[in-house]
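Me: I'm new to reading structures. Could you pick one part of this model, go through it closely, and then show me what surrounds it?

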Amino acid sequence: PVCSMGNSTSRLYSVLAKTLSSGAVSQHQDCLEQLDPARLDPIDPKDLLEECQIVLQKRPPRFQRSFVNLKKNTASNHRPIRVMQWNILAQALGEGKDNFVQCPMEALKWEERKCLILEEILAYKPDILCLQEVDHYFDTFEPLLSRLGYQCTFFPKPWSPCLDVERNNGPDGCALFFLKDRFELINSANIRLTAMKLKTNQVAIAQTLKCHETGRLFCIAVTHLKARTGWERFRSAQGCDLLQNLKNITQGAKIPLIVCGDFNAEPTEEVYREFSNSSLNLNSAYKLLSPDGQSEPPYTTWKIRPSGECRHTLDYIWYSQHALNVNSALGLLTEEQIGPNRLPSFNYPSDHLSLVCDFSFNQDPDRLL
């Protein structure tokens, strides 16, 4: 089959409408895997944003969030690196398993929800994008984001719960995207996490990148740990395994590190303490929004299920505090913005909030700890 994705001057039905519908994925899978992003015409992000807004014109406007300046009086001689972390909610789970009792099914329609997700990404223009619960990688995110200049990597869960949903779009997993004009890929590792020496269903991607502007190396990782209460020790074991992998990749913290993830763990859990106390000398960037710089946000996910309201802090951006500075962080949505029916909604496409931080390298590259 012919898999045309249109050209950069195209409008609505040539970019968004040609990202394949879920029903067409299986018959186009071979074609999708053969697509060479280098042969696809680039998309102007303004054109794609305009197309998204046309699709979303009947929905309420996107929530407005502001960046909070966290920069200390330390001069930086390079452009900041903007990192975005987001569990975007797998389409199969949103429609088939998650039971968001206050969210109308109409709000979860993929043809519109994908535009809300893209609109959020295009609004914040991350240099590096870390996503969880991606089940439309091959038909939406890889073809579009590669044409926006990103290098794209996907690692699905071995036994994705999406596959239990009728008319699913394949397994969900973690995805990592970085702008090729800013970074060079030095090394990439797909990690299947272990717990108690057993391979688990949770995964991570860790990539060592070289910043073109500074020549500095750093490692970016994305993960999604096991969900649900009762699995705290399991998450702790997964976290230990991930930290050990990252110690090896960063040569024991010689290479600066940023770890993005839905940890499915409140700050009171053991896995959070493991990351806080690791020899990698990590700090959680969103703690810096609190008055004392020591407290996580009150929530990063807020939803209503049949069992009741769920308001938790589960999502984090960890960073090497000896080697990196956090210049700014995107403020969270307020309770008033989220509204009484919580998330997802016609305004917002996921049950998790996106986290966005701007990082700069410490000016003394030899100062480690």
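Reply: Let's start with a word we'll need a lot: two residues are in contact when they have heavy atoms within 4.5 Å of each other. Keep in mind, too, that this is a predicted model. With that word in hand, take the contacts in the chain between residues at least 6 apart in sequence: 79% of them join residues at least 24 apart. The chain itself has 369 residues, and 59% of them are buried. It holds nine helices and 15 strands.

Now for the close look, at helix α3 and helix α5. Two packed helices are described by the angle between their axes and the distance between the axes. Here α3 covers residues 45–55, α5 covers residues 110–124, and their axes come within 9 Å. They cross at roughly 140°. Since an angle over 145 degrees would be needed to count as roughly antiparallel, and 65 to 115 is the roughly perpendicular range, α3 is oblique to α5. The crossing is left-handed.

Who does the touching? On the α3 side you'll find Pro45, Leu48, Leu49, Cys52, Gln53 and Val55. Facing them from α5 are Glu111, Glu112, Cys115, Leu118, Glu119 and Leu122. Sort these by class and you get eight nonpolar residues, one polar and three charged.

That leads us to the inside of the protein. In soluble globular proteins, nonpolar side chains tend to be buried together. In this model, the largest nonpolar core has 70 residues. The ones with the most contacts inside that core are Ile128, Phe141, Phe177, Ile220, Ile258, Ile317 and Phe359. And α5 turns up again: it gives the most to this core, with eight residues. For a feel of what such a contact set looks like, try Ile258: leaving out residues up to four places away in sequence, it touches Val83, Cys219, Ile220, Ala221, Ile317, Trp318, Tyr319, Leu324 and Phe359. Another core, of 25 residues, lies apart from the largest one, and its members include Ala189, Cys219, Ala265 and Leu282.

Go back along the chain from α5 and you reach the loop between α4 (91–96) and α5, where Asp98 sits. Is Asp98 buried or exposed? With a relative accessible area of 12%, Asp98 is buried, because the cut-off is under 20%. Beyond its neighbours within four places in sequence, Asp98 is in contact with Leu89, Leu93 and Arg305. Its C-alpha atom is 9.9 Å from that of Asp351, although the two are 253 residues apart along the chain.

Last, some backbone oddities to look for. Most residues other than glycine have a negative phi, and most peptide bonds are trans. Glu133, in strand β3 (residues 128–134), has a positive phi of about 55°. Glu133 is buried, at 11% relative accessibility. Lys197 also has a positive phi, near 70°, and belongs to the loop between β6 (183–195) and β7 (198–211). Unlike a buried residue, Lys197 is exposed, with a relative accessible area of 83%. Finally, the peptide bond from Leu343 to Pro344 is cis, with omega near -10°. You can find Pro344 in the loop between α9 (335–338) and β15 (355–361).

Key:
Residues are numbered from 1 along each chain as its sequence is written. This is a predicted model: local features need pLDDT of at least 70, side-chain atom pairs count only at pLDDT 80 or more; totals for chains, interfaces and linings use all residues. Side-chain values use heavy atoms; hydrogens and water are left out. Axes are lines fitted to C-alpha atoms, for helices over the stretch in contact, and angles run from 0 to 180 degrees between N-to-C directions. Helices (H or I, at least four residues) and strands (E, at least two) are DSSP runs, numbered from the N terminus. Angles under 35 degrees count as roughly parallel, over 145 as roughly antiparallel, 65 to 115 as roughly perpendicular and the rest as oblique. A crossing is left-handed if the near helix is turned anticlockwise from the far one by less than a right angle, and right-handed if clockwise. Ala, Val, Leu, Ile, Met, Phe, Trp, Tyr, Cys and Pro count as nonpolar, Asp, Glu, Lys and Arg as charged, and the others, Gly among them, as polar. A nonpolar core is a set of buried Ala, Val, Leu, Ile, Met, Phe, Trp, Tyr and Cys residues joined through side-chain atoms within 4.5 Å. Buried means under 20% relative accessible area, exposed over 50%, partly exposed in between (1.4 Å probe, protein chains only).
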